[in-house]
Amino acid sequence: MPAKTKPALSSFVKRGDGMAANSNREIPYEQWRAGKQEKLDNAFKQLEQGVLNVFTSEQYADYLSTMSKFHNYSYNNSIMIFAQKSDASLVAGYNKWQNEFDRHVKKGETAIQIFAPYQKKVEVESGVLDPKTKQPVMDPATGQPKTQKTQVEHTFFKLVPIFDISQTEGKPLPTLTSELTGSVEEFPAVMDGIKELAGQNGFTIAYEDIPGNTKGYCSPSDNRIAINIDMSEEQTMKTAIHELVHSRLHVGDAKASDLTRETAEIQAESVAFVVSKHFGLDTGDYSFPYVANWSSGRDITELRDSLTVIQKESSQIITGIEKHLSQSQAQKEELSQASSFPVNNFSIYQLKHNEITRDLRFTSLNQLRTAGLPIVRANYDLVYTAPLSAHETLDSIYTKFNINHPADFTGHSLSVSDVVTIFIASIYILKGHLNYV
């Protein structure tokens, strides 16, 4: 089978001028937005069908058969297991690992101790009762109640050793999910976009060596998302989106009062699949079984009831990542264009023509600051870059681009809402808006 080709993420970035860039073509924004929604709908349909297919697969039946062999431990024993080995996932006795799973405990491993019940008969002495009156039967010789000795079975508890799967080796157990191994176009920029979205809710994202099979986790107590190190780019991106959803929907005031753990996991993984799918990454091998495993039944009620939440959250995360990719791409273009000129050069930026920038036109830097509005790079187009001569100043640039336009200048005459940047001796200097009245 030929390897799957993945489109560059930047080919799906929306431009700010009412058009969208896709595969080197420009399409109207409304058409782009309709296509985006269609992609979301199709991704959800694929997710739903993929999860349903898991339930009828041989892999799922094999997995359930294996999991049914593991004992469900009492609350007290679960506490004991966690206290001795907090990352334990599947535990069984020494002989059970050998006889039923063809696995062997590794040399030198320390057993986890739990309580196990056992039955033992003990001899007890009790009074003899009249079967009719249920009253004690008296011994005529002594005048005391008659007694008898009987064998009674009592339940006792003893400590027994068990071992976690991480303490064993041998035949692999059947699994539902498959590790994602692919790479991601513009991976650093995508992860920066995800980190930026997490930061909007006060969360940070960091890599750490997480024990066991855990890919990542969201820690509300210290507003932190942890991602396991040494995973593929595709697995890392999907996991980061999954945990990002938890931080946005499932902690603090954002958490619905009736939210169950099952629904939370299904929502997080479903959004991760839809967002990844939008950017050309198919995580179905991991996401479909994951959602199926957390579903309460084959009618996938939690998934279908979460449709609105999944679509809304997917759209918001996609928009956030695309915005960051757009800014990253624009910065690369600027540096590329600037590098073709001598070290000393200047660039002119003018507002894009769209609804977002309509109220910013003819607004000076001082007016922006008074209104508390930032200068957002994504709102501007780079319209001109040229070498900076020794005698060039902001005043001379303003005069040149209002009275005597260079032949290759395609922008409009400079106004108070334009931005001029200057590179001098490899130092990037933002000179700000032109403050002419």
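**Exercise 1. The whole chain**

What percentage of the 437 residues of the protein count as buried? Work that out, then sketch the overall make-up of the fold.

*Solution.* Keep in mind that this is a predicted model. Start with burial: a residue counts as buried when its relative accessible area is under 20%, and 40% of the 437 residues qualify. Next, the surface. The accessible area comes to about 24,700 Å², with 52% of that belonging to carbon and sulfur atoms. Now list the elements: there are twelve helices and 14 strands. Finally, look at the contacts with a separation of 6 or more: residues 24 or more positions apart account for 69% of them.

**Exercise 2. A three-stranded sheet and its helices**

Find the order of the strands in the open sheet that holds β8, β9 and β10, and explain why β8 and β9 each have a side without a neighbour.

*Solution.* Step one is the order: the open sheet reads β8-β10-β9, with mixed pairing. Step two is the edges. β8 (204-208) and β9 (216-219) each have a single partner strand, so one side of each is left without a neighbour in the sheet. From one strand to the next, the twist averages 20°.

Step three zooms in on one pairing. β9 and β10 (residues 224-228) run antiparallel and are joined by four bridges. In one of the bridges, serine 219 is partnered by arginine 224 of β10.

Step four adds the helices. Helix α6 (residues 233-249) packs on the sheet, where it touches β8, β9 and β10, and its direction makes about 160° with that of β10. Helix α5 (residues 187-200) lies across β8 and β10, running at about 130° to β8.

**Exercise 3. A covered strand**

Take strand β11 (residues 345-351): how many of its residues are buried, and which strands pair with it?

*Solution.* Go through the strand residue by residue and you'll find that seven of its seven residues are buried. Then sort the side chains by direction. Asn345, Ser347, Tyr349 and Leu351 point one way, while Phe346, Ile348 and Gln350 point the other way, and both sets are buried.

Now for the partners. Strands of a sheet pair through backbone hydrogen bonds, either parallel or antiparallel. With β12 (residues 380-387), β11 pairs in the antiparallel sense over seven bridges; phenylalanine 346 has alanine 386 as its bridge partner there. With β13 (residues 419-424), the pairing of β11 is antiparallel too, over five bridges, and isoleucine 348 is matched with valine 420.

Key. Residues numbered from 1 in each chain as written. Predicted model: local features only at pLDDT ≥ 70, side-chain atom pairs only at ≥ 80, totals over all residues. Heavy atoms only, no water. Helix = DSSP H or I, 4+ residues; strand = E, 2+ residues; numbered from the N terminus. Buried < 20%, exposed > 50% of the residue type's maximum accessible area, 1.4 Å probe, protein only. Contact = heavy atoms within 4.5 Å. Areas by Shrake-Rupley, 256 points an atom, 1.4 Å probe, with all protein chains shown as cover. Pairing = 2+ DSSP bridges. Axes fitted to C-alpha atoms, helices over the stretch in contact; angles between N-to-C directions.
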